[in-house]
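I opened my notebook with two things to look up: what lies around the ligand, and how one of the helices is packed. Here is what I wrote down.

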Amino acid sequence: MRAKIFGVFMLCMAASLSGGAAKAQQNAQGASQQQDAHPSLPPGAGRDTLVKVCSQCHAPENVIANRQDRQGWENTLTKMSDYGAVASDDQFSAILEYLVKNFSLAPGGPVNVNKATSAELQSGLKLTDKQADAVVAYREKNGDFKSLDDLKKVPELDPKQLDAEKSGIVF
Ligand code: HEC
């Protein structure tokens with residue numbers, strides 16, 4: 001358990017994007033009002049609660065590394081509560097709704113890579129915003145993708161990741 005927390009802590013220090021341990025510490029103390037401290041967290045109900053409750057042990061950015069369906073998020077919250085995350089039922093519900101709203105698996109099933117917006121590519125195919133923007137730019141320049149191999153030509157994309165997601169990709 002201690003080793004695990006330490007592992008998360010190291011992860012969070014390694015994530016230079018998140019500003020490292022100092023910032024995580026700052027957030028843990030409740031300084032969550034600066035909206036731009038976590039640009040990867042879209043605004044909305046539950047956000048401040050998440051930052052406050054979920055920054056106690058790891059950066060909130062770790063929280064959203066993987067998208068999950070509602071059941072998945074419920075399981076995660078139960079697990080975090082077992083680890084010692086402290087929040088009221090209302091706070092846990094607010095966090096759950098925020099996560100489901102913003103970090104769900106593609107609710108609409110497969111993603112059409114020729115039509116999806118950058119945001120849809122991000123949520124549906126777990127792309128970073130840079131990767132999703134690159135897909136849109138490539139498509140605008142070269143026309144529609146016709147196959148997975150076509151899509152792999154976008155230099156920012158990871159072919160292995162695409163293979164893993166291919167059941168969720170349509171053209
Ligand atoms: C008391 C400390 C603590 C708090 C507070 C906490 N977590 Fe965690 N979290 C952990 C630990 C420890 C791990 C590493 C778990 C592992 O390696 O199995 C972790 C890992 C995770 C992961 C990675 C995937 C997984 O399931 O292991 C997610 C997602 C996550 N936490 C979400 C949250 C959310 C959402 C909150 C706020 C409700 C939160 N955490 C609050 C301790 C905490």
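For the ligand shell, I counted a residue as near if one of its heavy atoms lies within 4 Å of the ligand. A reminder to myself: this is a predicted model.

**Entry 1: the ligand shell.** I found 17 residues surrounding the ligand, and the closest are Cys54, Cys57, His58, Lys79 and Met80. I then sorted the shell by residue type and got twelve nonpolar, four polar and one charged.

**Entry 2: polar partners.** Which atom of the ligand does the side chain of His58 approach? I see a nitrogen atom of the ligand 2.8 Å from a polar side-chain atom of His58. Lys79 has a polar side-chain atom 2.9 Å from an oxygen atom of the ligand. For Tyr83, I noted an N or O atom of the side chain 3.1 Å from a ligand oxygen atom. Next I asked which elements supply two or more residues to the shell, and these are α1 (2-14), α3 (47-54), α5 (70-83) and α6 (89-102). Of the elements, α5 gives the most, with five residues.

**Entry 3: helix α7.** I moved on to residues 118-125, which form α7, and found Ser118, Leu121, Gly124 and Leu125 buried. These residues sit on the same side of α7, because they cover an arc of only 140° around the axis. What do the buried residues of α7 pack against? I listed β1 (111-112), α8 (129-142), α10 (159-165) and β2 (169-170). One last jotting: Lys126, just after α7, takes a positive phi of about 55°.

Methods:
Residues are numbered from 1 along each chain as its sequence is written. This is a predicted model: local features need pLDDT of at least 70, side-chain atom pairs count only at pLDDT 80 or more; totals for chains, interfaces and linings use all residues. Side-chain values use heavy atoms; hydrogens and water are left out. A polar contact is a pair of N or O atoms within 3.5 Å; within protein, one must be able to donate a hydrogen and the other to accept it, and residues adjacent in sequence count only if both atoms are side-chain atoms. Helices (H or I, at least four residues) and strands (E, at least two) are DSSP runs, numbered from the N terminus. Ala, Val, Leu, Ile, Met, Phe, Trp, Tyr, Cys and Pro count as nonpolar, Asp, Glu, Lys and Arg as charged, and the others, Gly among them, as polar. Buried means under 20% relative accessible area, exposed over 50%, partly exposed in between (1.4 Å probe, protein chains only). The arc is that of the directions from the helix axis to the C-beta atoms. Contact means heavy atoms within 4.5 Å.
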